[in-house]
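Colleague: Got a minute to go through this one with me? I'd like to talk about charged pairs, then the overall picture.
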Amino acid sequence: MKVSIVIPVYYNEDNLRPLYADIKEKFISKIDYDYEIIMVNDGSGDNSYEVMKELAMEDPNIRIFSLSKNFGSHAACLCGLSNATGDCAVIKAADLQEPTELLLEMIDSWKSGNNVVLACRSDREESRRQVGFANMYYWMVRKTALPNMPKNGFDIYLLDRKVIDVIDKLDEKDSSITSQILWSGFKTGVVYYTRKAREIGKSRWTLKKKIRLVSDTLFSFSTVPVRFLEIMGMLSVIIGLVWAIVVFVARITGGIAVSGYATLFIFSLFSFGIIMISLGILGEYIWRLFDAARNRPPYIVEDSYSAGEGKNDGEVKKS
């Protein structure tokens, strides 16, 4: 049996050595089967890749890949999974906020017959703002797109080889692997943990990336945006019809001498707003169709290294 540990890396140079020491102490020293650690540098602007190369020289079971730019967490995880050779693969964050002991629990759950194992948060040692956004996002996903999304969400997960092959073949752009996993419907197990506060470095999970995640989830796995257009269009027609009847009756009965220009202006502005929102939503779908039609790879590997294979250059994710 062989287990692959996939670690996406983005500005984590100070975390990598403590992370490897933690994995070595709490996982590697306790197992009696083969393992590999795949680290993917997602266009970090610090010395993360240099530290990754040093670790790969120290441990022949470490394989490293460096993407040509920051393609995002989805692409980095996909790169790691596509290159994993284990019977199962575990995605693990590089920020040391999840206990490494979770890996053993997840593998036990996988051995019991689950093709997917989710590490779900029972609690979070983080700021109220971070927790509030996360809870709102996962609530929205459950209500609009994926009802099987765990209440407190998940970032860490284990995938069986058959699931990895399916995710790799999907090859979706502007999406998220976590949503694809839930959508695929494989037999799923759950383990729980408390997410720790970050002690080393700072989070690069910016507001822009959070908004991008929300839009990708909605446009890829939900019909809510289209339904919103339909509802707003119907409301606009109903409001316009009712107002026309009110004005006509008032005019006939002498209730008004001249039609209300202010009201007409407000209604026109409201209708214009609906049209612009509609164009924006349709534009999101058209852009995604255009992006998929171009068939650009989700990531490009600029450099890679492992003790057994040496250094390689210029690998492109094939569709």
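Colleague: So how many salt bridges does the structure hold?
Modeller: Nine, where a salt bridge is a side-chain nitrogen of Lys or Arg within 4 Å of a carboxyl oxygen of Asp or Glu. Bear in mind this is a predicted model, so local features need pLDDT of at least 70 and side-chain atom pairs count only at pLDDT 80 or more, while totals for chains, interfaces and linings use all residues. Residues are numbered from 1 along each chain as its sequence is written, and side-chain values use heavy atoms, with hydrogens and water left out.
Colleague: What does arginine 121 pair with?
Modeller: Aspartate 155, with N to O at 2.0 Å. Arginine 121 sits in strand β5 (residues 116–124) and aspartate 155 in strand β6 (residues 154–160), so this salt bridge ties together parts that are 34 residues apart in sequence. Helices (H or I, at least four residues) and strands (E, at least two) are DSSP runs, numbered from the N terminus.
Colleague: And is arginine 121 buried or exposed?
Modeller: Buried, at 2% relative accessible area, whereas aspartate 155 is partly exposed at 32%. Buried means under 20% relative accessible area, exposed over 50%, and partly exposed in between (1.4 Å probe, protein chains only).
Colleague: Now the helices. Which residue does lysine 26 bridge to?
Modeller: Aspartate 22, the closest N and O atoms being 3.1 Å apart. Both are in helix α1 (residues 16–26), four residues apart, which means about one helical turn separates them. Lysine 26 is partly exposed at 22%, and aspartate 22 counts as buried at 16%.
Colleague: What about aspartate 165, where is its partner?
Modeller: In helix α6 (residues 161–170), which holds both aspartate 165 and arginine 161, four residues apart, about one turn of the helix. Their closest N and O atoms are 3.5 Å apart. Aspartate 165 is partly exposed at 33%, and so is arginine 161, at 25%.
Colleague: Which residues do shared partners join into one network?
Modeller: Lys2, Glu36 and Arg63.
Colleague: OK, zooming out. How many helices and strands are in the chain?
Modeller: Ten helices and nine strands. Of the 319 residues, 45% count as buried.
Colleague: What share of the contacts joins residues at least 24 apart?
Modeller: 79%, among contacts between residues at least 6 apart in sequence; a contact means heavy atoms within 4.5 Å.
Colleague: Last one: how much area does the chain expose?
Modeller: About 16,700 Å², with carbon and sulfur atoms supplying 60% of it. Accessible areas come from the Shrake-Rupley method with a 1.4 Å probe, and for residues only the protein chains shown count as cover.
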